Amino acid sequence: MELALGQNPYYTTIDNTSGLPSNSIYDVFQDSKGFMWFASGKGICKYDGNIIKTYTADFQTSKSGSCIQEDKYGRIWYENFDGFLYYIQNEKIKALAQNMPLGYFRYGIINNYLLVLETDAVQFYDLKTLKPTKKVSLKFSNLNFVFCTEDKLYVFDDKLYEIDESGNTKSYFFPANFKAEFNAPIVQNTRKGIVIISKYTNNYCYFENGKFIKRKFNFPTEFIQNLATPNDNLWLCTTKGIILVDSKTNQSTTYFSDKNISFIYKDKQHNYWVSTINEGVYFIENFDTKIIELPSKPIVITKSGNDILVGLENDAVIKIDPKTYYCSGIYKGNLNHDVYQLFYDANSNTTFLTSSHFKLIANQKTKELGVGAVKSVTRIDAKYFSYAASNASGVFTIDNGLKSDWNNVIKKYKSTVTENVTHSNLVTNCNGKSTAYNPENQTIYYATNNGLIAFSKKKQNEIKYNKTTIYFTKLYYYNKAIYGFSSNEKIYSISTRNEIKLYDLPKAIANEKIDRIDLENNSLFVFINNAVYEINIDTNAFKKIITVTKDNEITDITLLDNQFYFASSKGIIVKKNNSNKTIHLPKLFINEISVNDEKQITKKDNILKFDENNIKINFTVLSFVPNEKFSVLYSINNSKWNVLDTDNRNLILSSLSPNEYEIRLKINAKNCSKIQYINFIIKKPIWLNPFVLLFLSIIFFLLLYTLYKFQISKIQKKNKLALDKINLEKNLNQSKLKAIKSQMNPHFFYNALNTLQSYILSNEKKQAIEYLSKFSNLTRTILEMTEKETISINEEIKTLKLYLDIEKARFEDDFTYIIILKSEIEAENIKIPSMLLQPYVENAIKHGLLHKQGKKELKITFELNNDLLQISIDDNGIGRQKSAELNTIKNKNHNSFATEAMQNRINLLNQYTHKNISIDFIDKTNPLEQALGTTVIFKIPISY
């Protein structure tokens, strides 16, 4: 059965699995640096060949759009389908401050101006400031398309308006029936002028020098949704693929007939990018590389004379004619097992294959051989083939009548005949993986799970690498040597002397992980995770022949008539071996240099502070082929080059010491010698300056000396304070002793005893007993208080009452006293210094009331005043002045205790307890300045 296979070019898909936010793509553009831009259904995207960055913002009315352009300042513009314009500047999306748009009509960029359609006008914006400048008024009646070339804006209305940068406007009348034939025009630019096509008809025309030249396509069109003009050919983007119309011959070719295509773009590297409505973007390196889609996934591929043989995953083998791309089935099994081994022998015109069993195809007949699961076959001589199989490996022949130098060796081993095929197991009890034959030393090599076995006519032995067993998975012969791929993913060569050496790979791929190898003629094909490379064994020249993408696995390769044939998960890829194709090297861009994750610097001559020593360099590697990954090398101050991970796009330098730095970055790829330099200086901290160090040393020793002096002073002060405290306590005790003496002075005792005697003489036993009891209680209380520093108000009042009751007996009935305790006072909890009030009460009686004629009154009040305990001792005596005069007459050397000793005691208490007890004296007088008595007021901070 013969089938015509697809004629589509080979493409790589970039979709949401690659990082696109949406598979709906409406426009493609390449900027001046080489980055690709996609207008998707969910925002505009930037693509560097590996990483996609999407730019969106909440202020956008909608995210989907089209019409991507770049202005002279490097800003990328696009328009959403609501008609609003946005631009990317410094990696951020911004909106143009514009009036309400008419809807989605294309804008234009001409030199220094941005041209935007508004109601009945074209508004010019200055590109530098983005401010509106001039306006060209037009009255629109049937506006249906806008298009801009490098120097003119074309507006399709009832007339065609042509507007230049200066605002000069020309109008042209359309030819007869133009509106009917081009009711939905699409416009693009060519070297012949602008070309206009109709969405719904097969009409198109060129407009040049004011003339319309109408033409027709020689094929019907249903719906054209966009137009592109790479190479001045017309590329019609439709819902059923791309139709390429040759501008010279008018012949058409259709690609991707089952795809909904929105646009096609040719970049500066001559690659093509095809955007689709629902499958992302297709990258096409060139249209000469074809993809032959097969009914089942190909696994292995080899050449068969002038044809290509392909083993499929559904237990089938097909033959492809390279000229017509027609295929015919030559074998179909029934088990749907992978055909994983395929070998064509030109001498016998026989094909050997392995799926579920080992079989041969000759003269359109298939024979099943009882050899087992054969994984590798190679010819030894005219008679014998070598094979490697699961349980045993050996040789077989399909013609026993032929002569061979190996006959005498092989007849020593047991042979089995199946379908006229005789096979002999030479290496048993091992799992054979591959086999190869070196005619130079007449040795058959078997790669097994027990190591590499060399079988010659004389002996059989294991060959080791550095005295260690080595495990190969593939063996190939070329030019007197065997080349092997090991299980540790390295390539080795085996000489005719059976010496194993590691094969030196080119530096660009030396560190890459190798998946598999193949060898055709003098070409060694190396499969890595994202590409297949060809190495010329004779010249060591190497090149990448195809990029491998995530969505397409390549499993095998063959070379025929200067064309590569790849077995891939998408089908058979056919690519010309064009060594003259221009290779576009990747580019390295420094995006941002940040310091301490905050400050940003430029690449040269930056002076940083000593603590600005955490440097992060963000860069981009621009690849012009999708999924072509390159690592980056870096060097610090001419040190050796270090390699960053392939996916790493940040160089982080932490905690750098003060120094001058030159950071070098370059791409780790062949011929990529351009280096990016970054220079900066991290200054030493000021304290590392020699003069500053000397100054700081002096300051340090001065501080040490000052600290020493301070400590000595502190100790002396501490000792002085201790001595002062001792003296203070001594003075306080002396003051307290004086207070005791005041309260227990001989005169007081004399008066008290006289009063007691008078009670006894007058036979007033009851009063005498009560008086004596109070006197003894007062004496005991005073003695107890000498042990206390503070007493409660209740204890003070109790003592005062005892004292006043004893004194009252001297005055008979003309002396009264009252003690007032305000209700807000907690008399049991509030403390006051012991023996504080009694001397002042005694002074009030002895010097104020004793000499007064008539009623003698004493009032003591306890109350709170602004968080202070206020105690007042008020008498209606003769006053302090009159009392002083009497004391002077009576005793010229009299010195009142209250005025000196008690004031001194209060000062000592304040110093000792760090409190502020105050005492005030108020001399009461009438309007005639006559004394009415004295009031003593204490103010004591409350303590509990």
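**View 1. Here's an open sheet of five strands in a predicted model.** Reading across it, the order goes E39-E40-E41-E43-E42, and the pairing is antiparallel. At the edges you'll find strand E39 (374-379) and strand E42 (415-418). Each of these two has a single partner strand, so one side of each is left without a neighbour in the sheet. Neighbouring strands here don't line up perfectly: on average they're turned by 25° against each other, direction ignored.

**View 2. Now for a pair of strands from that sheet, E40 and E41.** Strand E40 covers residues 384-389, and strand E41 covers residues 392-397. Five bridges link the two, and they pair in the antiparallel sense. Look for Phe 385, and you'll see Phe 396 of E41 standing opposite.

**View 3. Stepping back, this is the chain that the sheet belongs to.** Strands are what you'll mostly run into: there are 74 of them, along with nine helices. The C-alpha trace spans about 170 × 95 × 65 Å along its principal axes. The chain has a radius of gyration of 56 Å, while a compact globule of 944 residues would come in near 30 Å.

**View 4. Last stop: the inside and the surface of the chain.** Of the 944 residues, 50% are buried. About 47,600 Å² is exposed by the chain, with carbon and sulfur atoms supplying 48% of that area. As for who touches whom, take the contacts with a separation of 6 or more: residues 24 or more positions apart account for 51% of them.

Terms used: Residues are numbered from 1 along each chain as its sequence is written. This is a predicted model: local features need pLDDT of at least 70, side-chain atom pairs count only at pLDDT 80 or more; totals for chains, interfaces and linings use all residues. Side-chain values use heavy atoms; hydrogens and water are left out. Two strands pair if DSSP finds at least two bridges between them. Helices (H or I, at least four residues) and strands (E, at least two) are DSSP runs, numbered from the N terminus. Axes are lines fitted to C-alpha atoms, for helices over the stretch in contact, and angles run from 0 to 180 degrees between N-to-C directions. The radius of gyration is taken over C-alpha atoms; the globule rule is 2.2 Å times the number of residues to the power 0.38. Buried means under 20% relative accessible area, exposed over 50%, partly exposed in between (1.4 Å probe, protein chains only). Contact means heavy atoms within 4.5 Å. Accessible areas come from the Shrake-Rupley method with a 1.4 Å probe; for residues, only the protein chains shown count as cover.
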